[in-house]
Amino acid sequence: AQQEWHEEYHRYDEIYDWYKELAEQCGERCQFNSSIGGSLEGRVMPAFHVGSPAVGKIYFQCQIHAREWISGATCMYIADSLTNNPEGLDMISKVLDDVEFIFVPLVNPDGYEYTWTGDRLWRKNRRENSGSACIGVDLNRNYNDHWNEGGSSSNPCSETYHGVSAASEPETQNTQSYFKTNGPIIGAIDWHSYSQLILRPYGWTNQDSPDETQLKEIGDEMSEKIKAVFGETYTSQKSIGLYPTSGTASDWFYGEDATSTNGAYRAAGYTVELRDTGSYGFLLPPEQIIPTGMENLEGVLEFAERLIAAPIPNPYNS
Ligand code: 0X9
Ligand code: ZN
């Protein structure tokens with residue numbers, strides 16, 4: 001649809017305008033929310049919606065880690081494909097009758113801009129930590145689910161610094177409240193790179209989630225669909241199989257159990273680690289944006305179809 005756009009990486013301002021325009025050209029089926037809240041440095045965080053929520057809503061968030069540029073680029077490719085359906089795929093039209101897709105494309109706008117202006121390999125947000133010369137909180141350790149229960153750091157100089165308290169960061173707060181305001185959400189993906197992995201709950205414990213059988217099947221099937229496009233392997237596994245983490249976005253999307261004070265949204269919550277497997281790592285050449293987008297669009301359609309057919313039961317929703 002917009003081939004040239006997906007052949008380069010883009011700055012925060014350009015991405016913001018691109019989603020705005022995508023929604024304007026799309027008309028009724030789309031919605032642009034100019035701000036779900038501001039970042040620490042005052043950049044607004046937009047949201048883009050496409051489809052209708054007859055069966056449910058699916059939430060995607062992108063670029064939580066600043067240096068993982070393919071995350072934001074893949075979200076744009078998928079948003080573009082769903083909106084403009086360049087292949088005229090029946091599958092896309094059908095899915096959009098049942099599902100509203102919600103994109104929060106720029107979860108860490110300050111960190112992202114810093115990767116263009118300061119340090120290409122910056123990961124965290126740009127929080128000035130009191131009592132430390134080190135900058136930044138790892139937003140993917142700051143969510144309000146088992147916060148500070150292992151696999152995160154209390155050292156502000158660490159790449160996995162979890163912040164002073166659960167959801168201390170405005171970027172975390174904005175995404176958590178947008179997710180809740182738009183709920184119930186049946187499935188959610190936090191897009192990262194790299195390693196080519198499809199990670200399901202949990203990151204904080206080795207225990208299986210109550211929906212392990214179904215969540216494994218969805219992850220395995222997405223992996224198959226992705227592989228069918230260009231032969232790339234995306235390994236489907238539990239998050240903790242990578243390494244233990246706590247306070248992550250995707251664990252928060254799913255939530256834990258009835259006794260949790262952190263909510264139990266029971267969205268099928270995944271972290272997808274995009275290309276590659278390490279040759280370029282975070283510095284993935286822009287030539288790989290379109291192929292990464294193409295294979296993951298197939299994964300996303302499978303994700304949506306499976307959740308339409310059989311949503312994850314949520315015993316905590318009336
Ligand atoms: O460590 C992370 O935040 C993610 N990997 S990355 O290299 N993109 O930083 C993986 C998080 C996986 N764990 C959970 N989502 N629970
Ligand atoms: Zn990441």
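**A strand covered on both faces, and what lies around it**

Let me begin with strand S5, where both faces are covered: Gly-187, Ile-189, Trp-191 and Ser-193 are buried on one side, and Ala-188, Asp-190 and His-192 are buried on the other. The model I am showing is a predicted one, so please keep that in mind throughout. For those who are new to this, the reason we can speak of two sides is that in a regular strand the side chains alternate between the two faces of the sheet. Strand S5 runs over residues 187-193, and seven of its seven residues are buried.

Which strands pair with S5? Strand S3, residues 56-62, pairs with S5 in the parallel sense over five bridges, and S5 also pairs with S8 in the parallel sense, over seven bridges. To find these pairings on the screen, you could look for Gln-61, whose bridge partner in S5 is Asp-190, and then for Ser-193, whose bridge partner in S8 is Leu-274.

The loops on either side of S5 deserve a careful look as well. In the loop between helix H5 (170-181) and S5 we find Pro-184, which is joined to Gly-183 by a cis peptide bond with an omega of about 0 degrees. In the loop between S5 and strand S6 (197-200) we find Tyr-194, and here the peptide bond from Ser-193 to Tyr-194 is cis too, with omega near -5 degrees.

Let me now turn to the nonpolar core. The largest nonpolar core has 79 residues, and Ile-58, Phe-60, Ala-79, Phe-103 and Ala-267 are those with the most contacts inside it. Helix H2, residues 69-84, gives the most to this core, namely nine residues. If we take Phe-60 and leave aside its neighbours within four places in sequence, its contacts are Cys-75, Phe-101, Ile-102, Phe-103, Ile-189 and Trp-191; of these, Ile-189 and Trp-191 bring us back to S5, where they lie on one side of the strand.

What surrounds ligand 1? There are 14 residues around the ligand, and the closest are His-192, Gly-203, Ser-239, Thr-248 and Thr-271. Helix H7 (249-254) and strand S8 (268-274) each supply at least two residues of this shell, and by character the shell divides into two nonpolar, nine polar and three charged residues.

Stepping back to the whole chain, we have eight helices and eight strands, and 51% of the 318 residues are buried. Why do we call the chain compact? A compact globule of 318 residues would have a radius of gyration near 20 Å, and the chain, with 18 Å, agrees with that. Along the principal axes, the C-alpha atoms fill a box of roughly 55 × 45 × 35 Å. Among the contacts with a separation of 6 or more, 76% are between residues 24 or more positions apart.

I will finish with two asparagines in loops. Asn-85, in the loop between H2 and helix H3 (90-98), has a positive phi of about 35 degrees although it is not a glycine. Asn-148, in the loop between helix H4 (109-117) and H5, likewise has a positive phi, of about 60 degrees, without being a glycine. Are these residues buried or exposed? Asn-85 counts as partly exposed because it has 15 C-beta neighbours inside 10 Å, and Asn-148 is partly exposed because it has 16 other C-beta atoms within 10 Å, where a residue would need 20 or more to count as buried.

Technical notes
Residues are numbered from 1 along each chain as its sequence is written. Chains are lettered from A and ligands numbered from 1 in the order in which they are written. This is a predicted model: local features need pLDDT of at least 70, side-chain atom pairs count only at pLDDT 80 or more; totals for chains, interfaces and linings use all residues. A residue is near a molecule or strand if its C-beta atom, placed from the backbone, lies within 6 Å of it. Helices (H or I, at least four residues) and strands (E, at least two) are DSSP runs, numbered from the N terminus. Ala, Val, Leu, Ile, Met, Phe, Trp, Tyr, Cys and Pro count as nonpolar, Asp, Glu, Lys and Arg as charged, and the others, Gly among them, as polar. The radius of gyration is taken over C-alpha atoms; the globule rule is 2.2 Å times the number of residues to the power 0.38. A residue is buried if 20 or more other C-beta atoms lie within 10 Å of its own, exposed if 12 or fewer, and partly exposed in between; C-beta atoms are placed from the backbone. Two residues are in contact if their C-beta atoms, placed from the backbone, lie within 7 Å. A nonpolar core is a set of buried Ala, Val, Leu, Ile, Met, Phe, Trp, Tyr and Cys residues joined through C-beta atoms within 7 Å. Two strands pair if DSSP finds at least two bridges between them.
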